[in-house]
Amino acid sequence: MDPIVEVVAFVLGFLGWVMVGVCLPNRYWRTSTVDGNVITTSTIYENLWMSCATDSTGVHNCREFPSLLALNGYIQASRALMITSIVLGTFGLVAALIGIQCSKAGGENYALKGKIAGTAGVLFILQGLCTMIAISWYAFNITQEFFDPFFPGTKYEIGEGLYIGWCSSVLAIAGGACLVCSCKVGGEEKQ
């Protein structure tokens, strides 16, 4: 196992995990601007947890979604996938800290450390996949409603929170792939 690749993979996984933590509470998962005169122009934005509105004077009001069961299925699934992503990333970080060669945690058994690092890589990949599925599913519903000429509700556009989520999933998958590949190469060298 190459320690430099492992450290780069750990940093990528850590950045992906941090960006999921930034993405999840971000208020701008979808946005809509209702144009009117100067006083009635307002921006509506939502995430998985609440809906907010800001008028042209800068006053904003937010309300949490009142009932979990009243939400659309894709929002409930996206919530579950994003929380699962954070949990998987947390376990991946702990396993990576134990499994990388330059860490003193876990002793000097490099075969075991390689297996633990490989497990961390799989956890990072799963984190990235959970995030990617949640974000893409949410974005699909936004674009489907936006381009539907018969949709009666407010038409939203993709917000910055989704772009942060896509970046975090790519970083996590890249970090996980680097860890898994470095462990495989390391296992072949020792045989």
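1. Both Arg30 and Glu46 are buried, where buried means under 20% relative accessible area, exposed means over 50%, and partly exposed lies in between, with a 1.4 Å probe and protein chains only. The model is a predicted one, in which local features need pLDDT of at least 70 and side-chain atom pairs count only at pLDDT 80 or more, while totals for chains, interfaces and linings use all residues. Residues are numbered from 1 along each chain as its sequence is written, and side-chain values use heavy atoms, with hydrogens and water left out.

2. The side chains of Arg30 and Glu46 form a salt bridge at 2.6 Å, N to O, the term standing for a side-chain nitrogen of Lys or Arg within 4 Å of a carboxyl oxygen of Asp or Glu. This pair links distant parts of the chain, since Arg30 belongs to strand 1 (residues 30-34) and Glu46 to strand 2 (residues 42-46), 16 residues apart. Helices (H or I, at least four residues) and strands (E, at least two) are DSSP runs, numbered from the N terminus.

3. A salt bridge also joins the side chains of Arg30 and Glu145, at 3.6 Å, N to O. Arg30 is in strand 1 and Glu145 is in helix 3, so this pair ties together parts that are 115 residues apart in sequence. Arg30 counts as buried because its relative accessibility is 7%, and Glu145 counts as buried because its value is 17%. Arg30, Glu46 and Glu145 are thus linked in a network of salt bridges, and the count by this rule comes to two. As general background, side chains of opposite charge can pair when their charged atoms come close.

4. The largest nonpolar core has 22 residues, and those with the most contacts inside it are Trp29, Leu48, Ile75, Met82, Ile135, Tyr138 and Leu162. Such a core is a set of buried Ala, Val, Leu, Ile, Met, Phe, Trp, Tyr and Cys residues joined through side-chain atoms within 4.5 Å. Helix 1 (3-23), helix 2 (73-99) and helix 3 are the elements that give two or more residues to this core, and helix 3 gives the most, with seven residues. A second, separate core of eleven residues includes Ala96, Ala120, Phe124 and Cys183.

5. Which residues does Tyr138 contact, leaving aside its neighbours within four places in sequence? Tyr138 is in contact (heavy atoms within 4.5 Å) with Trp29, Arg30, Glu46, Asn47, Leu48, Tyr74, Ile75, Ser78 and Leu162. Among these partners, Arg30 and Glu46 are also members of the salt-bridge network, while Trp29, Leu48, Ile75 and Leu162 are among the residues with the most contacts inside the largest core.

6. Two further buried residues deserve a look. Phe10 lies in helix 1 and is buried because its relative accessible area is 18%; apart from residues up to four places away in sequence, Phe10 touches Leu93, Ala96 and Leu97. Phe10 and Ile75 are 65 residues apart in sequence and 30 Å apart in space, C-alpha to C-alpha. Ser168 lies in helix 4 (residues 160-190) and counts as buried because its relative accessibility is 0%. Leaving aside neighbours within four places in sequence, Ser168 is in contact with Gly16, Met19, Val20 and Thr131.

7. On the surface, Val122, Leu126, Leu129, Ile133, Trp137, Phe140 and Val180 make a nonpolar patch of about 600 Å². Patches are made of residues with over 30% relative accessible area and no salt bridge, where like charges are joined within 9 Å and nonpolar side chains (Val, Leu, Ile, Met, Phe, Trp, Tyr) within 5 Å; the areas come from the Shrake-Rupley method with a 1.4 Å probe, and for residues only the protein chains shown count as cover. Helix 3 (residues 110-147) gives the most to the patch, with six residues. Val122 counts as partly exposed because its relative accessibility is 44%, and Leu126 is partly exposed because its value is 37%.

8. The unreviewed UniProt entry lists residues 7-28, 80-100, 121-140 and 160-181 under "transmembrane region"; UniProt positions are given in the numbering used here, feature names are shortened, and annotations may be inferred rather than shown by experiment. In the model, residues 7-28 are 77% helix and 0% strand, with their end C-alpha atoms 32 Å apart. Residues 80-100 are 95% helix and 0% strand, and their end C-alpha atoms lie 30 Å apart.
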